[in-house]
Amino acid sequence: MEIVPQLSSSPASIRRDLGEAPLLAAARGERPARTPVWFMRQAGRSLPEYRKLREGVAMLDACFDPEMLAEITMQPVRRHGVDAAILFSDIVVPLKAAGLDIDIVPGTGPVVAEPVRDLAAVRALPVLEPEQVARVAEGVGLLVERLGTTPLIGFAGAPFTLASYLIEGGPSRNHEHTKALMHSEPALWHELAGRLADMALTFLRAQLDAGADAIQLFDSWAGALSERDYREFVLPHSAKVLSGVAGYGVPRIHFGVGTGELLVAMREAGADVVGVDWRIPLDEAVRRLGGSATVQGNLDPALLYAPWPVLEAEVRRIVEEGRAAEGHIFNLGHGVPPGVEPEVLTRVAELVHSL
C-alpha cells in the first residue's frame, strides 16, 4: 500500500492512499459499490475482548496507552468487518491531557473536580500543547500501520459539549448552569468556548498529523439548544474547529443527539457529512438540508435488542431512505449500548453490505 503525502496544515503530515475506500467515497458524496457501515462506540464495552484487555485499567489510562488504544480500536474492525475504525478515546482526553482534574466514573461518565463557572476559572484553564497528546498520536501511528485499507476516524468533542461538562461538573439532563451562564454572561461563555475550540483543534490536528483519514466532531448535547441559541453561542466555535482542519482535505463529520432542528446550522459549521440521530428519517433529514446532503446514521441503538426480523426491517428501511442522500454512511443514531451481543452488530454490518 502506497503512502502518499497530502496537503495539510502540517507539511510533515502523511496519509495513506486508500483509493476508493467505501467510507471515504460516500463521504465525498459518491455511491460506492456497497453502503459503508461503522458504529459509534463500536470499540468498547460490548466486546468481551475489550473487557478482558481493559480489566484493571482505568478508562483514561487506556486512552493514553498507544498499544492498548490501538488494539481496542482494531477489535471491532476484525470482528464486524466494518468500513472504518474510530479511534478509541474519549472527548475529555484533551482536557485531561492539558492538566484538568477530570475522571470518567463508571456508571456516571466524566466528572470534573472543580466546575468552571466564573472568569477566574476560565482564565485558569490550561492550553493544550501537542506534546501532551503525543501518546495518542503514537497510537494513531500504530493504527495507520496496521489497518491496511480500512480508514481511521479521529475525533474530538465540540466546544459546547465540553463546556457543558466543565460547567455542570459532569453529565446533565437539562444543562441548567450552562444555559444560564450562556445567557447571563455571554462574553464569559464565548471566552470559555473559544478556549475549548482551540483545545479540540489541537487534539484533532495531532490525530491528523499522525495519519487519521477522517474526523468526527461530537456535539453530543447540542440538541438541548434552540436553533437561535445554537447559532449565537455554539456555531462560531464549532466552525472554528472544523475550518481549522479543512486544510487536511479529509472528510469532516459533525454529530449530535436530538439535533433534528439544528441540521442545517451544523452543516453550516463546516460539516462534509451530517450525522443524524434516530428521531427523524434520513430522507427527511436530506429534505431539511435542502435536498442535497451527505448523511450518516441512523438506526435506533435500542433496536439492537429486538428480534432479528424487526432489526432487519429497520436496517433495510434506513438503507433505502439513505438513497435520498448524495452519500450515505450507515451508522447508529447514537452509540452501541454496552449490553448488545456482538454477533448482532456483525450481522447488521453484513446485511448493510448486502443491500
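These exercises work through salt bridges, a hairpin, a charged patch and a loop contact in a predicted model.

**Exercise 1. The Asp272 salt bridge**

Task: Find which residue forms a salt bridge with Asp272, and state where the two partners lie.

Solution:
- Step 1. The partner is Arg252; the closest N and O atoms are 3.0 Å apart.
- Step 2. Asp272 sits in the loop between helix H12 (263-268) and strand E9 (273-275), and Arg252 in strand E8 (residues 252-255), so the bridge ties together parts that are 20 residues apart in sequence.
- Step 3. Check the cover. Buried means under 20% relative accessible area. Arg252 has 14%, so Arg252 is buried. Asp272, at 31%, is partly exposed.

**Exercise 2. Salt bridges in helix H13 and beyond**

Task: Work out how Glu284 and Arg287 are placed in helix H13, and which network of salt bridges includes them.

Solution:
- Step 1. The two side chains form a salt bridge, with an N to O distance of 2.7 Å.
- Step 2. Both belong to helix H13 (residues 282-288). They are three residues apart there, which means a separation of about one helical turn.
- Step 3. Arg287 is exposed, with 54% relative accessibility.
- Step 4. Widen the view. Salt bridges link Glu261, Glu284, Arg287 and Arg288 in a network.
- Step 5. Another pair is Arg323 with Glu320, whose closest N and O atoms are 3.2 Å apart. Arg323 is partly exposed, at 41%.
- Step 6. The total for the whole structure is 23 salt bridges.

**Exercise 3. The E4-E5 hairpin**

Task: Determine in which sense strands E4 and E5 pair, and how many bridges join them.

Solution:
- Step 1. Set the limits: E4 covers residues 102-105 and E5 covers residues 109-112.
- Step 2. The pairing is antiparallel, over four bridges. In one of these, Ile102 has Val112 of E5 as its partner.
- Step 3. Turn to the connection. Three residues lie between the strands of this hairpin. Gly107, in the turn, has a positive phi of about 85 degrees.

**Exercise 4. A negative patch**

Task: Name the residues that gather with Asp61 in a patch of negative charge.

Solution:
- Step 1. Asp101, Asp103 and Glu114 join Asp61 in this surface patch.
- Step 2. Asp61 belongs to helix H3 (residues 59-63).
- Step 3. Exposed means over 50% relative accessible area. Asp61 has 51%, so Asp61 is exposed.

**Exercise 5. Gly339 and Arg45**

Task: Compare the separation of Gly339 and Arg45 in sequence and in space.

Solution:
- Step 1. Gly339 is in the loop between strand E11 (327-332) and helix H15 (342-354).
- Step 2. In sequence, Gly339 and Arg45 are 294 residues apart. In space, their C-alpha atoms are 7.7 Å apart.
- Step 3. Gly339 is partly exposed, at 47% relative accessibility.

Note on methods:
Residues are numbered from 1 along each chain as its sequence is written. This is a predicted model: local features need pLDDT of at least 70, side-chain atom pairs count only at pLDDT 80 or more; totals for chains, interfaces and linings use all residues. Side-chain values use heavy atoms; hydrogens and water are left out. Patches are made of residues with over 30% relative accessible area and no salt bridge: like charges are joined within 9 Å, nonpolar side chains (Val, Leu, Ile, Met, Phe, Trp, Tyr) within 5 Å. Accessible areas come from the Shrake-Rupley method with a 1.4 Å probe; for residues, only the protein chains shown count as cover. A salt bridge is a side-chain nitrogen of Lys or Arg within 4 Å of a carboxyl oxygen of Asp or Glu. Lys and Arg count as positive and Asp and Glu as negative; His and the chain ends are not counted. The place of a charge is taken as NZ of Lys, CZ of Arg, CG of Asp or CD of Glu. Helices (H or I, at least four residues) and strands (E, at least two) are DSSP runs, numbered from the N terminus. Buried means under 20% relative accessible area, exposed over 50%, partly exposed in between (1.4 Å probe, protein chains only). Two strands pair if DSSP finds at least two bridges between them.
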